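Hi,

Here is the model I promised to pass on. Have a look at it first, and my notes follow underneath.

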Amino acid sequence: MTYDTLELSEVFQCKKCGNCCKGYGGTFIAAEDITAISNYIKADPRNFVTDYCQMSGGKPILRQGGNGYCLFWNGLCLIHPVKPRMCREWPFIKAVMVDIDNWSEMASVCPGINNDIPISPLKECLGKVMSKQSDR
Ligand code: SF4
Ligand code: SF4
């Protein structure tokens, strides 16, 4: 394998194991997520935070059930088409990519992350992803 043209699919391919839907400090949701998820599950958006969220640092995050998993995890993501941005972009989240130690920590619990890529091309690839994200 050459790393001259490292594709994101070589770095990460989700195995749909659900590990990232459990714990890890929660999934922050934005106002547009509340609208989209409420429409999808046919819930009243005015009650969404009360019914499906808990607060963290003054912001709503998706609530976890007694098993530690997100309320919307049941063997698969029940709101996959409208899941929050953080879930859609995982693991390509700036806080994870910016520090290779964070990336390695996530890689130790995410079987979708390829652990065989040497640090130099990995850093270069993640740097390109962050650069593209900052252009948005
Ligand atoms: S932990 Fe990784 S492989 Fe498992 S569902 Fe989450 S992103 Fe996919
Ligand atoms: S919204 Fe879906 S992908 Fe995101 S944490 Fe909940 S179950 Fe997982």
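Around ligand 2 you will find Cys21, Thr27, Leu62, Cys70, Phe72, Trp73, Cys77, Ile79, Lys83 and Cys87, where a residue is near a molecule if its C-beta atom, placed from the backbone, lies within 6 Å of it. Sorted by class, that shell has eight nonpolar residues, one polar and one charged. For the classes, Ala, Val, Leu, Ile, Met, Phe, Trp, Tyr, Cys and Pro count as nonpolar, Asp, Glu, Lys and Arg as charged, and the others, Gly among them, as polar.

Ligand 1 is surrounded by Cys14, Lys15, Lys16, Cys17, Gly18, Asn19, Cys20, Trp90, Cys110, Pro111 and Gly112. The shell of ligand 1 splits into six nonpolar, three polar and two charged residues.

Before the rest, a word on conventions. This is a predicted model, so local features need pLDDT of at least 70 and side-chain atom pairs count only at pLDDT 80 or more, while totals for chains, interfaces and linings use all residues. Residues are numbered from 1 along each chain as its sequence is written, and chains are lettered from A and ligands numbered from 1 in the order in which they are written.

Now the overall layout. The protein chain has seven helices and two strands (DSSP runs numbered from the N terminus, helices being H or I with at least four residues and strands E with at least two). Their order along the sequence is α-α-α-β-β-α-α-α-α. The C-alpha atoms fill a box of roughly 50 × 35 × 25 Å along the principal axes. Of the 136 residues in the protein chain, 18% are buried (20 or more other C-beta atoms within 10 Å of a residue's own, with exposed meaning 12 or fewer and partly exposed in between; C-beta atoms are placed from the backbone).

The two strands are E1 (residues 53–56) and E2 (residues 59–62), which pair in the antiparallel sense over four bridges (pairing takes at least two DSSP bridges). Methionine 55 has proline 60 in E2 as its bridge partner. Two residues separate the strands in this hairpin, and glycine 57 in the turn has a positive phi of about 60°.

What makes up the largest nonpolar core? Nine residues do: Val11, Val96, Met97, Trp103, Met106, Ala107, Ile113, Leu122 and Leu126. (A nonpolar core is a set of buried Ala, Val, Leu, Ile, Met, Phe, Trp, Tyr and Cys residues joined through C-beta atoms within 7 Å.) H5 (94–97), H6 (100–107) and H7 (119–134) each supply at least two residues of this core, and H6 gives the largest share, three residues. Apart from it lies another core of seven residues, among them Cys21, Leu62, Cys70 and Phe72.

H6 deserves a closer look. Its Trp103, Met106 and Ala107 are buried. They sit on the same side of H6 because they cover an arc of only 100° around the axis, taken from the directions from the helix axis to the C-beta atoms. The buried residues of H6 pack against H5 and H7 (contact means C-beta atoms, placed from the backbone, within 7 Å). On the face turned away from the buried side of H6 are the exposed residues Asp101 and Glu105.

Last, isoleucine 117 lies in the loop between H6 and H7. Isoleucine 117 is partly exposed because 17 other C-beta atoms lie within 10 Å. From isoleucine 117 to valine 11 is 7.5 Å, C-alpha to C-alpha, though they are 106 residues apart in sequence.

Cheers

Note on methods. Contact = placed C-beta atoms within 7 Å.
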